[in-house]
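Colleague: Could you walk me through this one at bench level? I have some questions ready.

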Amino acid sequence: MDITIAGMLAVDGLTNGAIYALLGLATVMVFAVTRVIFIPQGEFVAFGALTLAMFIDHKVPGTVWLLLIMALVVALQEGVGAVRAGAPFQQALTRAVKPLLIPFMTAGLSIWLAPHELPMWSMVLLSLALVTAMGPLLYRLAYQSLESATPLVLLIVSVGVHFALTGLALLFFGPEGFRNPAFWDERLQIGTVPINGQAVIIFVTALLFIVALWYFFGNTLFGKALRATAVNRNGARLMGISTHTAGQLTFTLAAFIGALSGLLIGPTTTILYDSGFLIGLKGFVAAVIAGLASYPGALVVALGVGLVEAFSSFWASAFKEVIVFALILPALWLRSRHVTDDEEEH
Amino acid sequence: MSRLRRYNLWVVLAVIVLLSLLPLPAFWVAQLNYTGLFALTCLGLVLLTGVAGLTSFGQAAFVGIGAYTAAWCSLNLGWPPTVTLILGVTLTGVSAWVIGRITLRLSGHYLPLATIAWGLSLYYLMGNLEALGKYDGLIGLNSLTLFGHEIGQGRGFFVVSWSLLWVATVALTFLLNSRPGRAIRALKDGRQMAEAMGVDTFGYKVTIFVIAAVLASVAGWLMAYYQRAVNPSAFGLKWGIEYLFMVVVGGAGSLWGAWLGAGVVRVLDEQLQAWLPQLLGMSGSFESIVFGVMLVLILKYRPDGLWSWVQQGLGKTERTRDWDDADVLTQRTKPAMGDVVLDVQKIRKSFGGLVAVNDISFQVRAGQIVGLIGPNGAGKSTTFNLITGTLPLSAGEVYFGGQPVHGLHARDIAKRGLMRTFQHVKMIPEMSVLDNVAIGAHSRSKGEVFSAILRRNRGEEKSIMAEAERQLKRVGLGDWIHEQAANLPMGQQRLMEIARALCADPTLLLLDEPAAGLRYLEKQELMRVLRQLQSEGMSILLVEHDMDLVMDVCETIVVMEFGTYLTQGTPDEVQADPKVRAAYLGTEH
């Protein structure tokens with residue numbers, strides 16, 4: 001291996017690592033606020049990339065129908081819940097219609113615009129909007145009524161959600177894979193190492209977004225409310241922070257991060273309906289190694305995971321997945337040596 | 001074990017024999033065969049998830065180890081099935097032991113995450129190794145042949161696989177209904193209570209993890225010969241999840257839930273795979289949508305799975321009282337009245353900069369009830385946790401019966417006869433009062449997993465039950481022994497905890513706020529029990545807020561405030577002490 005190849009592998013690893021970092025941060029965030037270990041994070045990645053691919057083909061993306069179905073079920077759930085709780089019909093109707101508004105507007109806009117020739121940025125925005133709108137709906141459907149369940153039950157629910165979403169992705173996007181065109185075709189050169197424009201875009205976007213998250217959690221009221229929920233749910237509730245709202249907001253962010261990652265990674269690899277899972281899991285590996293607790297930790301580990309993956313694909317390409325996922329075991333073992341008896345009673 | 005339950009096992013065996021004689025169509029024989037294979041893996045998962053609270057998504061990987069060992073050894077070395085079974089089980093057992101040692105110390109959700117990771121890496125490993133035929137796998141195995149008989153793929157296979165399933169179920173039933181079984185059940189709600197009863201929680205976690213893996217491995221061995229081929233797709237994460245799904249659907253709390261879940265999911269899988277693609281007009285594995293949604297719905301509305309319905313119909317069974325002739329468990333030699341039992345010397349605990357317990361010293365003598373009181377936040381419970389070894393000491397020494405016990409594990413201190421109760425009752429709610437109390441006798445008995453499975457523990461089990469019943473009568477719960485622990489009112493749950501502690505034949509009893517939340521009559525009953533225990537020579541250290549109770553039963557009272565020692569003396573002396581009044585009521589300025 002010479003320096004050029006090493007450089008190329010490093011660039012490759014770091015760009016993928018940046019995506020894993022985004023997804024890892026989302027995993028840490030969702031776990032911290034809701035105690036949900038969000039396995040289906042990767043599904044949003046596939047949804048994002050495939051939605052954009054459909055728009056590029058002038059088709060109405062399957063995400064539109066999925067979003068509408070989810071919104072309708074949530075509306076039904078809300079309406080029935082309100083009637084059962086004894087609310088007057090008018091009020092029940094309002095509560096049922098409310099969750100429909102944003103999904104129907106986004107879906108309507110998408111259906112109307114899809115057949116037209118659109119500039120790239122508008123397709124990107126529509127894709128982001130469609131997938132992001134699913135986040136809070138998913139939280140309401142699968143998790144909200146189980147908020148006080150143990151992390152273990154929530155984890156099994158997550159696996160169920162992953163199963164369902166993968167099947168639905170196959171139904172709505174079909175079995176074909178897509179590779180989106182690069183947002184920026186430029187080829188750059190640093191020393192002897194070639195870097196393509198897409199890598200730069202991925203890296204810069206991921207970094208900007210991570211800084212934005214940092215700002216959001218450190219300096220905005222919403223961000224602080226989420227952090228409060230993460231530290232102590234009951235305390236936050238007493239301060240007037242709704243855990244429902246916190247959960248929905250977190251899932252909105254998680255869906256957005258997933259979709260964004262999907263748009264970024266779409267031009268570098270072929271995405272199928274079920275590709276998101278593996279991509280998401282690598283961010284997940286980073287989050288777990290960082291202890292599901294530290295944002296900077298997840299960021300650093302994610303870049304490391306990207307690098308390990310890149311270099312192991314050079315030396316032992318068949319075993320790169322084996323190596324990446326096996327990384328988790330020694331990390332957990334190290335962590336387990338610091339477990340003491342007082343880590344109980346939570 | 002009750003007669004009815006034992007009878008149930010025989011009914012199931014009779015049904016298996018009957019099924020093997022019926023002229024079932026080949027399609028249904030195949031469904032039954034797969035159900036048997038899956039249920040075998042699910043049994044282990046019930047033990048892990050439902051009983052002990054450890055979730056694994058990686059069981060499919062263990063099935064894979066068993067299957068690949070069988071396939072590779074019989075194709076390349078021509079080894080017979082019996083040999084490949086032994087080898088496969090050994091390999092799986094060792095891998096599970098290693099993985100278990102690495103991951104089982106972690107709390108809660110880290111284990112399932114680790115299982116996801118190894119499930120994936122093992123899948124890619126199987127799929128990329130040249131020797132294992134990469135993603136195509138290994139093909140061309142012979143059918144299962146045992147002792148010269150070809151078992152084939154039909155009815156014969158049904159008999160073999162379901163017999164194994166039945167034997168495994170019987171073995172696990174015996175196991176769960178024994179000393180190690182109660183310890184395993186105690187793992188579910190954290191390890192504090194179990195450790196305080198002298199249970200080596202980590203050891204049991206590794207043990208059941210290995211048992212579950214071995215069951216999966218046997219299923220894999222059967223699967224290899226049944227399908228006469230192996231390939232990685234049956235051992236990936238998707239299947240790991242599906243096994244867990246079966247268990248959740250069937251009911252993770254019962255071994256029969258594994259049978260039911262495996263059957264229901266197998267049949268559903270088959271039907272959905274046939275119908276959904278027709279319905280939707282395209283091919284693909286859409287059954288995952290139904291399964292995913294079902295999983296979420298079941299966890300929401302029927303978290304105990306489908307078996308809980310059957311269980312309601314069957315009604316509850318009571319343990320038969322068969323221990324009248326039981327030997328008495330060995331008792332420790334007790335210290336003479338007035339000897340120092342517990343000697344606490346300058347113990348200290350600091351959390352970072354905060355000193356929660358600051359150089360506290362006191363003694364408890366045999367036959368004495370000592371009260372430890374102080375306003376909220378005085379460090380009483382922390383002192384308790386330091387003495388019992390639940391928290392490590394920052395400094396100081398604790399002598400129990402003249403021996404140093406500082407620095408020992410909670411369970412080793414418990415084994416020496418220092419037993420405790422908890423501020424918030426810790427019990428196994430779904431078990432009977434009698435079984436809950438029997439956990440207390442853990443450190444006084446020896447029966448382990450193998451003797452339980454082979455039923456060589458009957459004598460000891462009888463002795464344990466006799467002891468548990470005796471202690472329950474001692475605290476006045478003799479009429480409640482068959483009740484489900486969760487159904488007891490609070491006061492009686494606390495008495496049950498005392499009986500559980502007494503079951504260990506302790507020298508010293510540590511009671512953490514036993515009167516918290518009790519009604520007047522319940523409190524009277526508790527006081528009666530405490531005085532009676534004292535009259536029988538028991539030494540008791542009591543943390544309590546209820547002053548009536550403390551002043552009434554204690555001979556000596558130690559007062560703490562803000563982690564420091566304030567004073568000690570008789571109830572009258574303490575009540576008269578201005579420092580104590582100031583601590584509780586504030587000082588006049």
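Colleague: Which residues are exposed on the other side of helix 20 of chain B?

Modeller: Happy to help! This is a predicted model, where local features need pLDDT of at least 70, side-chain atom pairs count only at pLDDT 80 or more, and totals for chains, interfaces and linings use all residues. Residues are numbered from 1 along each chain as its sequence is written, while chains are lettered from A and ligands numbered from 1 in the order in which they are written. Helices (H or I, at least four residues) and strands (E, at least two) are DSSP runs, numbered from the N terminus. Exposed means 12 or fewer other C-beta atoms within 10 Å of a residue's own, buried 20 or more, partly exposed in between, with C-beta atoms placed from the backbone; the exposed ones here are Tyr520(B), Leu521(B) and Ser535(B).

Colleague: And which residues of helix 20 of chain B are buried?

Modeller: Seen down the axis of helix 20 of chain B, the buried residues fall within an arc of 100° (taken from the directions from the helix axis to the C-beta atoms), so they line one face. They pack against strand 7, helix 19, strand 12 and helix 21 of chain B (contact means C-beta atoms, placed from the backbone, within 7 Å). The buried residues are Leu526(B), Val529(B), Leu530(B) and Leu533(B).

Colleague: Which helix of chain B gives the most to the side that touches chain A?

Modeller: The contact takes 40 residues from chain B and 40 residues from chain A. Helices 4, 5, 10 and 12 of chain B each supply at least two residues of chain B's side. With eleven residues, the one giving the most is helix 5.

How values were computed. Two residues are in contact if their C-beta atoms, placed from the backbone, lie within 7 Å.
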